[in-house]
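Work through the exercises below with the model open in a viewer. Try each task before reading its solution.

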Amino acid sequence: MMHLVFGVGHIKLNVRDVGAMIHDSTEILGLRVTKQAAGETWLSSNGRKAELVLLQSDENSCHTIGLEALTAEAVAEAASRVDGAGCRVLSRDPSLACCDAGVTFATPEGLRFEVHTPARDDMYNPRYPTNGIKPRRLDHINLITPDPVATRRQLAEICGMQLTERMVNEALSWMHGGNRQHHILGLVKGPIGLHHYSFEFSHFSDYCRLGDILDGFDRQVLWGPGRHRPGDNTYAYYLDASGAIVECSGAMHTVADDAHFVPNVITNLERPGNVRQMNVWGSPAPQEWREHHFPFARVD
């Protein structure tokens, strides 16, 4: 099946305190504000116009997961598959003015996705002054769904995404798109929500800076640094001002040969024997990480 979705495009969060989130995103993570309008703020870690979009709201929740397709034709093809996959089109227009085409759809479980063309990118001016880390890009998102098998089927049928790896009990699974990164979406089994969003770090020393910056704001790392076995990426996690988990990730390994690739199934699920399935270096995920739930906004 052809990948219609290339990678993660953006994530929209409803937030009560936009100012606190802007402060977190700029002073800790090191993003820059690219646009501020009534009730909406765009932030980016590079030349792109928008990767993290903050919507003023009376609740903290995940509003939309944006998935990037490379062409308007790919967006149109994805749109044509929504009904057949048992999902519902909410809009056939891009939600961000920096994208040429987009379709937003909802799943029966209550997740909202937008497949859109790439955001405008000033690729020759990716650097800017910042006190924060300055990651490379938004690289993946882990959502929470009560039916991971159904969500994977929907994403495969609409977006052409494919399974990379899963736990035998479906507690966690990972899907890749056209950029072949081990996963652009992770699926956690549970009540509908967001587990974390992730920005890719450039250097391992960035984790040391992250810890020191968090300490300066009387905050701390939630889990890490470590190295995930699924994806082989280094990581560290912390909570942002809205209560969502932010992952700071190293580069992942890639699926080099889709035609012959067989998704891995993790069968060792019992502690302590399975600890190194999630962290090659051995420190187990804390309960706060394992049980984290950030709500998904209601889809009308």
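The exercises move from the cores to single residues, then to rings, a helix and the backbone.

The model is predicted: local features need pLDDT of at least 70, side-chain atom pairs count only at pLDDT 80 or more, and totals for chains, interfaces and linings use all residues. Residues are numbered from 1 along each chain as its sequence is written, and side-chain values use heavy atoms, with hydrogens and water left out.

**Exercise 1. Cores**

Task: Find which residues have the most contacts inside the largest nonpolar core.

Solution:
- Start with the terms. A nonpolar core is a set of buried Ala, Val, Leu, Ile, Met, Phe, Trp, Tyr and Cys residues joined through side-chain atoms within 4.5 Å. Buried means under 20% relative accessible area, exposed over 50%, and partly exposed in between (1.4 Å probe, protein chains only).
- The largest core holds 59 residues, and Leu13, Leu185 and Tyr197 have the most contacts inside it.
- Helix H1 (residues 18–29) gives the most to this core, with 5 residues. Helices (H or I, at least four residues) and strands (E, at least two) are DSSP runs, numbered from the N terminus.
- A second, separate core has 14 residues, including Tyr237, Ile266, Ala285 and Trp289.

**Exercise 2. Surroundings of His140**

Task: Decide whether His140 is buried or exposed, then list its polar side-chain partners.

Solution:
- Locate His140 in strand E9 (residues 137–145).
- Its relative accessible area is 1%, so His140 is buried.
- Apply the polar contact rule: a pair of N or O atoms within 3.5 Å; within protein, one must be able to donate a hydrogen and the other to accept it, and residues adjacent in sequence count only if both atoms are side-chain atoms.
- The His140 side chain makes such a contact with the side chain of Asp139 at 3.1 Å. Another joins the side chains of His140 and Glu247 at 2.9 Å.
- Now take contacts, meaning heavy atoms within 4.5 Å. Beyond four places in sequence, His140 touches ten residues' worth of surroundings that include His183, His196, Tyr197 and Glu247.
- Tyr197, with the same neighbours left out, is in contact with residues including Leu13, His140 and Glu247.**Exercise 3. Surroundings of Met167**

Task: Which residues does Met167 contact, leaving aside neighbours within four places in sequence?

Solution:
- Find Met167 in strand E10 (residues 162–167).
- Met167 has a relative accessible area of 11%, so it is buried.
- The contacts of Met167 are Leu172, Ile266, Leu269 and Met278.
- For a distance check, take Met167 and Phe261: they are 94 residues apart in sequence and 17 Å apart in space, C-alpha to C-alpha.

**Exercise 4. Aromatic pairs**

Task: Classify the pair Tyr197 and Phe199, then the pair Trp223 and Tyr235.

Solution:
- Rings of Phe, Tyr and Trp (its six-membered ring) pair if their centres lie within 6.5 Å; planes under 30 degrees apart count as stacked, over 60 as edge-to-face and the rest as tilted.
- This rule yields 10 aromatic pairs.
- Tyr197 and Phe199 lie 6.4 Å centre to centre with 80° between the planes, an edge-to-face pair. Tyr197 and Phe199 are buried.
- Trp223 and Tyr235 lie 4.7 Å centre to centre with 55° between the planes, a tilted pair.
- That pair links distant parts of the chain: Trp223 sits in strand E14 (residues 223–227) and Tyr235 in strand E15 (residues 234–239), 12 residues apart. Trp223 and Tyr235 are both buried.
- One aromatic cluster is formed by Phe201, Phe204, Tyr207 and Trp281.

**Exercise 5. Helix H1**

Task: Compare the span of H1 with the expected value, and inspect what lies at its ends.

Solution:
- The expected span of a helix is 1.5 Å times one less than its number of residues.
- H1 has 12 residues and reaches 15 Å from its first C-alpha to its last, close to the 16 Å expected.
- The N-terminal end of H1 is capped by Asp17, with a side-chain oxygen 3.3 Å from the backbone nitrogen of Gly19.
- Just after H1, Gly30 takes a positive phi of about 90°.
- Buried residues of H1 include Val18, Met21, Ile22 and Leu29.

**Exercise 6. Backbone exceptions**

Task: Locate the cis peptide bonds from Gly224 to Pro225 and from Arg271 to Pro272, then look at the positive phi values of Glu170 and Asp232.

Solution:
- Most residues other than glycine have a negative phi, and most peptide bonds are trans.
- The bond from Gly224 to Pro225 has omega near 0°, and Pro225 lies in strand E14.
- Omega is also near 0° from Arg271 to Pro272. Pro272 sits in the loop between strand E17 (264–266) and helix H5 (275–278).
- Glu170 has a phi of about 65° and lies in the loop between E10 and strand E11 (172–176). Its relative accessibility is 14%, so Glu170 counts as buried.
- Asp232 has a phi of about 60° and lies in the loop between E14 and E15. Asp232 has a relative accessible area of 34%, so it is partly exposed.
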